[in-house]
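Q: Please take a close look at one hairpin in this model, covering its pairing, its burial and its turn. Then set it beside other local features of the chain.

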Amino acid sequence: MHFSSCLCTLLVALVYQVSAMDTVIGLYGETVEVPCNNGAPKPKDLFITKWKYDNGDLLTQLKDQDASVIATDKYKDRVSMAENSSLLIAAASLKDEKTFTCMVVAGADISEYPVKLLIHKAPTGVEITALAAELEIGKPTQLGQCSAPDANPAANITWFKNKKHLVADGKGIIISSKVKVDEVTGLTTTSSTLQYTAEKGDTDALFTCGALNALSSPVSFTVTYPTERVSLHVISKGPLMEGDNVTLKCKADGNPLPTSFNFHIQKRVVKVENSDSYTVTDVTRDSTGEYKCSIIDNAKMEDSKNITINYLDMSLSPSGKVMKSTGESLALNLQTDASGELRVSWTKDNGKLDKIPKFDKLTYSDSGKYEVVVTMGALIKKASFELVVEGIPVIRRLAKQRGEDGQHKVLTCEAEGSPKPTVAWSVNGTSADESPYVNGKISHKLTIVPTVNLTVVCTVSNELGQDTRAINVSTCSSDDSDTTKLVVGVIVGLLLATVVVGLAYWLYLKKSKQGSWKTGEKEDGSTEESKKLEEKIEEKLEENSQKVEV
């Protein structure tokens, strides 16, 4: 009682000063700090500090003493004073939104600093509920309801599509909101409803809503719309060939996608359910034509494709192994039938030929394996035959020559024939050498050292027959005498030729004289001519006799 009387007497003698009101925002459920004099330092002549509000005093603090709580209401256990004279209120609620006054007595002055306390609370979460099952293009649909509960002040909700702010336009986008206050806590729940008219591009779009710094989880919707376009696709890795399986795939742009289709396969309709594909197996050239697909509930919604089945037929005559004799002819007959442009190439024994082979008169060199390759794009057809040209072996050349050392003779027997001829000699020799058998030709060489003059026979044979030819071979020492005999033979031949010419001319003159006698012509001119010719014959005979002497 004594303290109160003194305090009252003191306050009467002091000067009152009231400052402008400040505002402080505290968080709901937290300890709120309400500053005194906006947190200014304590005056040096401070005597007492007191906090109060409209309904009474809260606490006081004399200089250099601890603060004393004098509140008897709900603040009794919730208030305290900080070192800087700030008022601390624990477990703040909306009921704490009022004006608190800090009174400071210093020297001869009394100052009051009123502070308005506001309590804020963010919503406990933001979520979208009452989601639409689906969105239909062009039809206004309530997409969902966004709620922001337990907030103060009431939350302002914003809608987003793919992170872009949606603005109500009263047509395609209509947003309506309402706020509900909890009677116990005083907190508010804001609800916002979005009515949205979907477009085709909204498929897989993400919708969210947010309030303050809180954002809902994104949601998406199935956007339904009728089929506007159908397309037919032919599934193939390349040009279609006979024997391929052709898969037709019908695609539509409606949502949900059609699950059943009609496939028009060459004047027949195949209904396919729960699939958008149909496979035509083992196609042929007759499968070429127009193919269609359509949705079952709208036959006009269709698409078509022209499909071409490529084919290549080829036949070659002859085929297999063909046996022919030399000199015969062989006709080739290549027939093709294809759906496109062809390329034809020939090979013989794996070697490329520049042109189509022709066999008007077969020779041994024509033997071989012939193959024709016909291509059309990726299609390839091949055919072949093996030609064997046969013939009785024939010796084309039998020759001899002296060896390089002058002591032996080399005999050469060249022959043609098929099958490959076997070469045999009538004498034994050394260094027998046989050339490769190519194009029906073979050459065989035999080295001998003749000690006497002899006749050597070469025989070539195969299963069709044989041929034989002989050659005279002399010793190496008798080659000079053989040369002399050859020269004498030539001279004798010349003499005989001269005699025959002279005899023929003599008979001619004799016949001419008989004709002149019959006609009574004079013989003088003929006689002179005869003499001149006789003189020439005598000169010729004399010249030949000189050659013989030589």
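A: Two strands are taken as paired if DSSP finds at least two bridges between them. The model is a predicted one, and the hairpin examined here is formed by β9 and β10, with two residues between the strands.

Strand β9 spans residues 99-106, and β10 covers residues 109-120. The two strands pair in the antiparallel sense over eight bridges. Within this pairing, Met103 stands opposite Glu112 of β10. In the turn, Gly107 has a positive phi of about 65 degrees.

The pairing of β9 does not end with its hairpin partner: seven bridges join β9 to strand β4 (residues 46-53), again in an antiparallel arrangement. One of the contacts in this second pairing places Lys52 of β4 as the bridge partner of Thr101.

How many residues of β9 are buried? Eight of its eight residues are, and the strand is described as mostly covered. In a regular strand, the side chains alternate between the two faces of the sheet. In β9, one side carries Thr99, Thr101, Met103 and Val105, while the other carries Phe100, Cys102, Val104 and Ala106. Every one of these residues is buried, and both faces of the strand are therefore covered, given that buried means under 20% relative accessible area. Met103, the residue opposite Glu112, and Thr101, the partner of Lys52, lie on one side of β9. On the other side, Phe100 forms one aromatic cluster with Tyr53 and Tyr75.

A second hairpin offers a parallel case. Strands β39 (residues 454-462) and β40 (residues 465-473) pair in the antiparallel sense over nine bridges. Two residues join β39 to β40 in this hairpin, and Thr459 stands opposite Thr468 of β40.

Another antiparallel arrangement is an open sheet of four strands, in the order β15-β14-β18-β19. Its edges are formed by β15 (164-165) and β19, each of which has a single partner strand, so one side of each is left without a neighbour in the sheet. The partner relation of β18 and β19 rests on two bridges, and Gly210 has Leu215 in β19 as its bridge partner.

The loop between β18 and β19 holds Leu212. Most residues other than glycine have a negative phi, and most peptide bonds are trans. Leu212, however, has a positive phi near 55 degrees. Leu212 is also exposed, because its relative accessibility of 67% is over the 50% cut-off. Asn350, in the loop between β31 (343-348) and β32 (351-352), likewise has a positive phi, near 70 degrees. At 78% relative accessibility, Asn350 counts as exposed.

Strand β18 also contributes to aromatic contacts. The model contains eight aromatic pairs. One of them is formed by Phe207 and Phe221, which meet edge-to-face at 5.7 Å centre to centre with 70 degrees between the planes. Phe207 belongs to β18 (residues 207-211) and Phe221 to the loop between β19 (214-215) and β20 (223-224), so that the pair, 14 residues apart, links distant parts of the chain. Both rings belong to buried residues. In a contact of another kind, the charged end of Arg285 sits over the ring of Tyr311, 3.9 Å from the ring centre.

Two loops contain cis peptide bonds. The bond from Asn255 to Pro256 has omega near 5 degrees, and Pro256 lies between β22 (246-252) and β23 (260-265). The bond joining Ser317 and Pro318 has omega of about 5 degrees, with Pro318 in the loop between β28 (312-317) and β29 (320-325).

Finally, the model holds one cavity of 30 Å³ or more, and the largest cavity encloses about 30 Å³. Its lining is made up of Val246, Val280, Val283, Ser287, Tyr291, Ile307 and Ile309. By class, six of the lining residues are nonpolar, one is polar and none is charged.

Terms used. Residues numbered from 1 in each chain as written. Predicted model: local features only at pLDDT ≥ 70, side-chain atom pairs only at ≥ 80, totals over all residues. Heavy atoms only, no water. 1 Å grid on protein atoms, 1.4 Å probe; cavity = no way out; pocket = protein on both sides within 12 Å on 5 of 7 lines; lining within 4 Å. Points joined across faces, edges and corners; volume = space filled by probe spheres on them. Nonpolar A, V, L, I, M, F, W, Y, C, P; charged D, E, K, R; others polar. Phe/Tyr/Trp six-rings, centres within 6.5 Å; stacked < 30°, edge-to-face > 60°. Buried < 20%, exposed > 50% of the residue type's maximum accessible area, 1.4 Å probe, protein only. Lys NZ or Arg CZ within 6 Å of the ring centre and 35° of its normal.
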